[in-house]
Amino acid sequence: MTDNPLTRPGAAHPAITEAMIATLVARFYAKAREDAVIGPIFMGAVADWDEHIANIADFWSSVMLRTGRYHGRPMRPHLILPLEPQHFDRWLALFEETAAEICGEPDVANEFIIRARRIADSFEMGRASVTGEIARPRHSRG
């Protein structure tokens, strides 16, 4: 039986702070907006960047620190976007790169990466189910 970090109570890692999350989210979106693959998707979907970044920081705070600050429905907005597998792959590549830059320690970055991969899989499978397709997890391990 493997140890699933997502089933542990409390913060994902003691070194993760609200400031780290805010920096990670802001830096990721700065990169994403400029990216040739996912930039056009984001630029077409987000009207208020300050609001979006604050909302996503709340999301990651809830995921990583279990603060409960996020009360949205993250799947819903993604169902209407023209997303393909390459968009999820690029989102993850940029997110993982940014987590490694911001978090300093590989084990801290890995806590974000584990969850990001599961989120990507969840969104891809959710999108597929809406169109009557079947999708398997492509990003998460174990």
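Here is a chat between a trainee and a mentor about the helices and loops of a predicted model.

Trainee: Let's start with H3. How many residues does H3 have, and what is its reach from first C-alpha to last?
Mentor: H3 covers residues 49-65, which comes to 17 residues. At 1.5 Å a residue, the expected reach is 24 Å. The model comes close to that, with a reach of 23 Å.

Trainee: Which helices cover the buried residues of H3?
Mentor: First, who needs covering? The buried residues of H3 include Trp-49, Ile-53, Phe-59 and Trp-60. What covers the buried residues of H3 includes H1, H2, H5 and H6.

Trainee: Are H3 and H6 roughly parallel or roughly perpendicular?
Mentor: Packed helices are described by the angle between their axes and the distance between the axes. For H3 and H6, the axes come within 11 Å and cross at roughly 115°. Angles of 65 to 115 degrees get one particular label, so H3 is roughly perpendicular to H6.

Trainee: And what is the make-up of the contact of H3 with H6, by class?
Mentor: On the H3 side you'll find Phe-59, Trp-60, Val-63 and Met-64, and they meet Glu-111, Phe-112, Arg-115, Ala-116 and Ile-119 in H6. Glu and Arg count as charged. The split for the contact of H3 with H6 is seven nonpolar, no polar and two charged.

Trainee: Moving on to the loop after H3: is Arg-66 buried or partly exposed?
Mentor: Arg-66 is found in the loop between H3 and H4. Its phi is near 55°, a positive value in a residue other than glycine. Most residues other than glycine have a negative phi. As for accessibility, buried would need under 20%, and Arg-66 has 43%, so Arg-66 counts as partly exposed.

Trainee: What about Pro-82, is that residue buried or exposed?
Mentor: Pro-82 lies in the loop between H4 and H5. Leaving aside neighbours within four places in sequence, Pro-82 is in contact with Ile-41, His-87 and Arg-127. The cut-off for the open end of the scale is over 50%, and Pro-82 has 56% relative accessibility, so Pro-82 counts as exposed.

Trainee: What separation is there between the C-alpha atoms of Pro-82 and Val-63?
Mentor: Val-63 is one of the H3 residues that meet H6, while Pro-82 sits in the loop between H4 and H5. Along the chain, Pro-82 and Val-63 are 19 residues apart. In space, their C-alpha atoms are separated by 25 Å.

Trainee: Now H5. What span should H5 have, and how far apart are its end C-alpha atoms?
Mentor: H5 has 19 residues, and at 1.5 Å a residue they should span 27 Å. The model agrees with that, because the end C-alpha atoms of H5 are 26 Å apart.

Trainee: Are H5 and H6 roughly parallel or roughly antiparallel?
Mentor: The axes of H5 and H6 come within 9 Å and cross at roughly 165°. The crossing is right-handed. The angle is what decides the label, with the cut-off at over 145 degrees, so H5 and H6 are roughly antiparallel.

Trainee: Last one: which residue just after H5 takes a positive phi?
Mentor: H5 runs over residues 85-103, and Cys-103 is among its buried residues. Just after H5 comes a residue with a positive phi of about 80°, and that residue is Gly-104.

How values were computed. Residues numbered from 1 in each chain as written. Predicted model: local features only at pLDDT ≥ 70, side-chain atom pairs only at ≥ 80, totals over all residues. Heavy atoms only, no water. Axes fitted to C-alpha atoms, helices over the stretch in contact; angles between N-to-C directions. Helix = DSSP H or I, 4+ residues; strand = E, 2+ residues; numbered from the N terminus. Parallel < 35°, antiparallel > 145°, perpendicular 65-115°, else oblique. Contact = heavy atoms within 4.5 Å. Buried < 20%, exposed > 50% of the residue type's maximum accessible area, 1.4 Å probe, protein only. Expected span 1.5 Å × (residues − 1). Left-handed = near helix turned anticlockwise from the far one by under 90°.
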